[in-house]
Amino acid sequence: MGCNDFSTGLPNIFSSLLSLEKLDLSSCELHTLPKSLGSLHNLGKLDLGSNSFKEIPDPVYNLRRLKFLDISNNSDLEKMSFKILQLTKLQKINTFESPKLKFPPIGVCEQGLNAIRQFFVDMKLGAGNNLPLVTIAVIGNTMAGKTSLIQTLQNVGRTRVLTYRNPESKIDETTKIFKVEKLKIEKVLLQLIDMGGNEIYHTTYQLALHQNCIPLIVVNMVQYEDLVQKSSEREAVRRLAFDYMSHLYLANPSMGSPKLVLTHKDLFSDAKFAELKNSFLSTSNQLCKEIVEEEKQLKGDFSLIKPFSDSTEDIFLSEDIYEIGVLEQYTVFDSLKQNLFLTCQPFIEDIPAVWEQISQKVCALPSAYCTFIELFHHLKRSFKSIKQAQIETILTYMHQCGKILWYKSTKGLENYIFHNTPALTDLLAVFYSHEGNRWGQRQKRFVPFLDESSARIELERFVEFVQVFNSTAVMDKNLFFYLIKSETLFKNERDLHVAMNVLKAFRLIHGPVQCDGTSTGFFIPYMVEKFCDRDILSKEELTLRVDLVFKGLSLPQHAYHQMSVGTLELFPSLIATPMVHKDGASVFHDGLVVQLIHDYKSRKVSIYMASTAKRVHEMWEQLLKITNNALQHVTNSWPASRPVVTSFCAHCLLIQHPNPEKIVSPQWAVIPKIKSSAQTSVISRLLSSFFGQEKLRHPSTMLDDLSTQCRCKRETVYAVLKHPCTCKYH
């Protein structure tokens, strides 16, 4: 019965279908169900997806043998009933793409049936209110005025605050990494995340964003005018707003409309500012429509995002646009705060009282983090009957609504609950500050310390560590751990291990690697000045090459450094010699030379693999691993980047042909569509299909097998020079 128009109601026929076991009522424009449906006591599977229900209809709760219920893609669905506890046979419920669910909250429903049941069981013991920690993601280019805006909103004196905004001066209050500030408006606590410009935003925006997030775009209209003159209105809007918004909305597709603050109004006449504002807004609307249309044709994700897809409304609503200058009256900031407060109201949710009490207890902990087991035992002292599964449900919900950070699916971090978000921002700030005199300041406040062997490290040795780091990008572990201990809440040996795992999980460091004959350290690619040496690839050896070109939204420069780290992670440091460069990475591994070179401006990454022809199969295997590793990481973190893979003919490269043959989008290149752990297994299966032992010829005989030939530049060459498998692609 699915995919029919029953908007006027279903026929009352179910009392005669008592033996029915499966019923598909998806995409039927339903908003109610007849009571007779509840008489289907043998029904085990019911699909109500893609309809218009505001709540699960009462007849469903009478289906006592129901095992599977699909209520997904009901965009108006707001609540369930306690009666769901009556469905004791129910094994699975699907609530995917039902963003208005508030009872239970969507952060509970996304965890599945057990979490939903736990919610209702705990609600029976008493209800409370979750006064959410709402994130305001304050984003925009460097020098847009984000920090001044936040400090003005926080100012209890209700006066305009201006930060010193010259990044070249000795006094510089611009945000270097990102700051987490708090602002309480009545009962709602706002968490204002002040991103320090393009690079830092793209490096860190996924660290602390969640479902309770409001994007606030800050645009410096002087920068807009300058970019329009240098390029175009489209390019200016893309760089100042859409590059931020698009990645943010793809990570959080259920967010509402963005707020927009246009700054530096006082530097223009009223007429000129109005002209620039109209230009910005009209270009934003046009660019949005073009993106959505293109994404619909490509079956992309933008068309699923309401602010992008609703053609009846502008991307920036008139009531959400604010204009400010140096001499602006505080009333405009009052208006913005009231707007934010009203936008937060839908985030206030009814939750069990015990959940609210546990949330308060967790957030009051003084440390930066704790393990799940430690937290469980801590809570057990106050809540005697609490169970581990119950705590896991509550903590997962707290993560979803932004009160804690718990990276359950990230290797090395899955056991740790981070209940102090600023502690993580401080950790990132240690290695990603752009202050020119940062090392000088550290030198002035340096305090001698003991290394692992209890040897005393004096200032002279500290300066040597810094000099080595600045010239090689390898930070000695003694300097690495000293900086963490002296500038963050991570102090003891376990803290340092956790801090190292955080930095590794976000591909910000690689190591440990050898520093000198007696010490080890960590590569920090973002800080390197030396470029790749193109001459390490011998023209006499066979070279394989793959290019990745990103045709969608611009990747931040740091994403390319993360691909370098990802490449290094594939090669054990004990048997490989890694090198990090400003524009890539190189690895010398048992006779193989691997080089990844990236060009931020042209949005391109080139991956090379060189060795003797007898090892061509092994070269292909490594090249596919590196390529698909990069694709998986980039697509997970920046789904709007739209990578295109191009594979080059090794024969053409060997004879140095000026126009080598290419294969665009080869079948072996895996570009994941959905963020999930299943991607790893997909790539593993694909690699196995190419390199499974039962399908392989011995590599040393490959180039002697005439059955694996193909054409290249009017010559007959071996197919393995163009494809990763000798028999799959002719």
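Me: Where is Asn220 found?

Reply: Asn220 is in strand 9, residues 213–220. Helices (H or I, at least four residues) and strands (E, at least two) are DSSP runs, numbered from the N terminus. Before going on: this is a predicted model, where local features need pLDDT of at least 70, side-chain atom pairs count only at pLDDT 80 or more, and totals for chains, interfaces and linings use all residues. Residues are numbered from 1 along each chain as its sequence is written, and side-chain values use heavy atoms, with hydrogens and water left out.

Me: Is Asn220 buried or exposed?

Reply: Buried means under 20% relative accessible area, exposed over 50%, and partly exposed in between (1.4 Å probe, protein chains only). Asn220 counts as buried because its relative accessibility is 6%.

Me: Which residues does Asn220 touch?

Reply: Contact means heavy atoms within 4.5 Å. Leaving out residues up to four places away in sequence, Asn220 touches Met143, Ala144, Leu240, Thr263 and His264. With Met143 there is also a polar pair: a polar atom of the Asn220 side chain lies 3.1 Å from the backbone oxygen of Met143. A polar contact is a pair of N or O atoms within 3.5 Å; within protein, one must be able to donate a hydrogen and the other to accept it, and residues adjacent in sequence count only if both atoms are side-chain atoms.

Me: His264 is on that list. What is the phi of His264?

Reply: Most residues other than glycine have a negative phi, and most peptide bonds are trans. His264 is not a glycine, yet its phi is positive, about 65°. His264 sits in the loop between strand 10 (259–263) and helix 7 (270–297), and it counts as buried because its relative accessibility is 13%. Ser665 also has a positive phi, near 55°. Ser665 is in the loop between strand 26 (662–664) and helix 21 (678–691), and at 48% relative accessibility Ser665 counts as partly exposed.

Me: And which residues does a cis peptide bond join?

Reply: One cis bond joins Phe103 and Pro104, with omega about 0°. Pro104 is in the loop between strand 4 (92–94) and helix 1. A cis bond also joins Gly511 and Pro512, with omega about 5°, and Pro512 lies in strand 18.

Me: How do I read the sheet with strand 18 in it, and what is its strand order?

Reply: Two strands pair if DSSP finds at least two bridges between them. Here you have an open sheet of three strands in the order 17-19-18, with antiparallel pairing. Strand 17 (474–476) and strand 18 (510–514) are the edge strands, each pairing on one side only. The twist averages 40° from one strand to the next. Angles run from 0 to 180 degrees between N-to-C directions, and axes are lines fitted to C-alpha atoms, for helices over the stretch in contact. Strand 18 and strand 19 (residues 520–523) run antiparallel and are joined by three bridges, and His510 stands opposite Phe523 in strand 19.

Me: Which strands does helix 15 lie across?

Reply: Helix 15 (residues 459–472) lies across strand 17 and strand 19, at about 160° to strand 17. Helix 16 (residues 477–487) packs on the sheet too, touching strand 17 and strand 19, and its direction makes about 75° with that of strand 17.

Me: How many residues of strand 24 are buried?

Reply: In a regular strand the side chains alternate between the two faces of the sheet. Strand 24 (residues 604–611) is mostly covered, with seven of its eight residues buried. Strand 20 (residues 542–550) pairs with strand 24 in the antiparallel sense over eight bridges; there, Leu542 has Ser611 as its bridge partner. Strand 23 (residues 592–599) also runs antiparallel to strand 24, joined by seven bridges, and Leu596 stands opposite Ile607.

Me: How many residues has the largest nonpolar core?

Reply: A nonpolar core is a set of buried Ala, Val, Leu, Ile, Met, Phe, Trp, Tyr and Cys residues joined through side-chain atoms within 4.5 Å. The largest one has 59 residues, and Leu46 and Leu395 have the most contacts inside it. Helix 2 gives the most to this core, with six residues.
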